[in-house]
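Trainee: I would like to learn how to read a fold from its computed features. Please take me through one, step by step.

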Amino acid sequence: MLQNRVFLQEVSDGDGEELATLRVQAMRESLEKVGRFDPHRARERFLSGFSPNDARHVLDSEIRVGFIVVRQLGVELLLDHLYIHPEHQGRGIGSAVLAAVFAQADSLGKNVRVGALKQSRSNEFYVRHGFVAIEQSEFDNYYVRYPNSIT
């Protein structure tokens, strides 16, 4: 349990399609803002790198509302995906999940790295939770959160 009602649950090999669908739903608005919404491309991009070992379902009161993918990359943890279904956003679920990621990273003494589409509201979310901007690409902003940062 992360926060009263928010839990993480293991993902199986057969969950890839469900997670890809949720990713498309969660990213649609942001991708439309930059003129890059292509549901087929978004699904294929996710499925090509899908590893159930790195993924967890996010449950709110036993209902699957999102998922997270965290990969260990040497001295960092890569928060590769954090998606909450649009109908469940704004309820503190993402914040509870980040708190768990931060606890893991702090215990390992590792930075957490994340990328966000430039037009996405997730940029404000990550900055509000202690991430610092470190670089930009044509479509994305990249952030890092250092171990034991106060958020």
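Mentor: Let us begin with strand pairing: two strands count as paired if DSSP finds at least two bridges between them. Strands are DSSP runs of E with at least two residues, helices are runs of H or I with at least four, and both are numbered from the N terminus. In this structure, I68 has L82 in β4 as its bridge partner.

Trainee: Before we go on, what kind of model is this?

Mentor: This is a predicted model, so local features need pLDDT of at least 70 and side-chain atom pairs count only at pLDDT 80 or more, while totals for chains, interfaces and linings use all residues. Residues are numbered from 1 along each chain as its sequence is written, and side-chain values use heavy atoms, with hydrogens and water left out.

Trainee: How many helices and strands does the protein have?

Mentor: The protein has 4 helices and 7 strands. From start to end of the sequence, their pattern is β-α-α-β-β-β-α-β-α-β-β. The radius of gyration, taken over C-alpha atoms, is 15 Å, close to the 15 Å that the globule rule (2.2 Å times the number of residues to the power 0.38) gives for 151 residues, so the protein is as compact as a globular protein of that length. Along the principal axes, the C-alpha atoms fill a box of roughly 40 × 35 × 30 Å.

Trainee: In what order do the strands lie in the sheet?

Mentor: The sheet is open, has 7 strands with mixed pairing, and runs in the order β1-β2-β3-β4-β5-β7-β6. At its edges are β1 (6-10) and β6 (132-136), each pairing on one side only. From one strand to the next, the twist averages 30°, with axes fitted as lines to C-alpha atoms and angles between N-to-C directions running from 0 to 180 degrees.

Trainee: How do β2 and β3 run relative to each other, parallel or antiparallel?

Mentor: Strands β2 (residues 55-60) and β3 (residues 63-73) are antiparallel and joined by 6 bridges. To follow the register, look for D60 opposite I63 and L59 opposite R64. The two strands form a hairpin with 2 residues between them. Both S61 and E62 sit in that loop. Phi of S61 is near 50°, positive in a residue other than glycine, and E62 has a positive phi of about 75° although it is not a glycine either.

Trainee: Are S61 and E62 buried or exposed?

Mentor: The scale is relative accessible area: buried is under 20%, exposed is over 50%, and partly exposed is in between (1.4 Å probe, protein chains only). S61, at 44%, counts as partly exposed, while E62, at 72%, is exposed. Over the whole protein, 42% of the 151 residues count as buried.

Trainee: What about the next hairpin, from β3 to β4?

Mentor: β3 and β4 pair in the antiparallel sense over 8 bridges. Their hairpin has 2 residues between the strands, and G74 takes a positive phi near 60° there.

Trainee: How should I check a helix such as α3?

Mentor: Compare its expected span, 1.5 Å times one less than its number of residues, with the model. Helix α3 has 16 residues (93-108) and should span 22 Å; its end C-alpha atoms are 23 Å apart, which agrees. Among its buried residues are I93, V97, L98 and F102. Just after α3, G109 has a positive phi of about 70°.

Trainee: Why would one look for cores?

Mentor: In soluble globular proteins, nonpolar side chains tend to be buried together. A nonpolar core is a set of buried Ala, Val, Leu, Ile, Met, Phe, Trp, Tyr and Cys residues joined through side-chain atoms within 4.5 Å. Here the largest has 23 residues, and L79, L82 and Y126 have the most contacts inside it. Two or more residues come from each of β3, β4 (76-84), α3, β5 (111-117) and α4 (122-128), with the largest share, 7 residues, from α3. A second, separate core of 14 residues includes V11, M27, F46 and F50.

Trainee: Which residues does Y126 contact?

Mentor: Contact means heavy atoms within 4.5 Å. Beyond its neighbours within four places in sequence, Y126 is in contact with L79, L82, L98, V114, A116 and F131.

Trainee: And where is Y143 found?

Mentor: Y143 is in strand β7 (residues 140-145) and is buried at 5% relative accessibility. Y143 and R113 are 30 residues apart in sequence, with their C-alpha atoms 5.7 Å apart. Not counting residues up to four places away in sequence, Y143 touches residues including R113, V127, F131 and I134.
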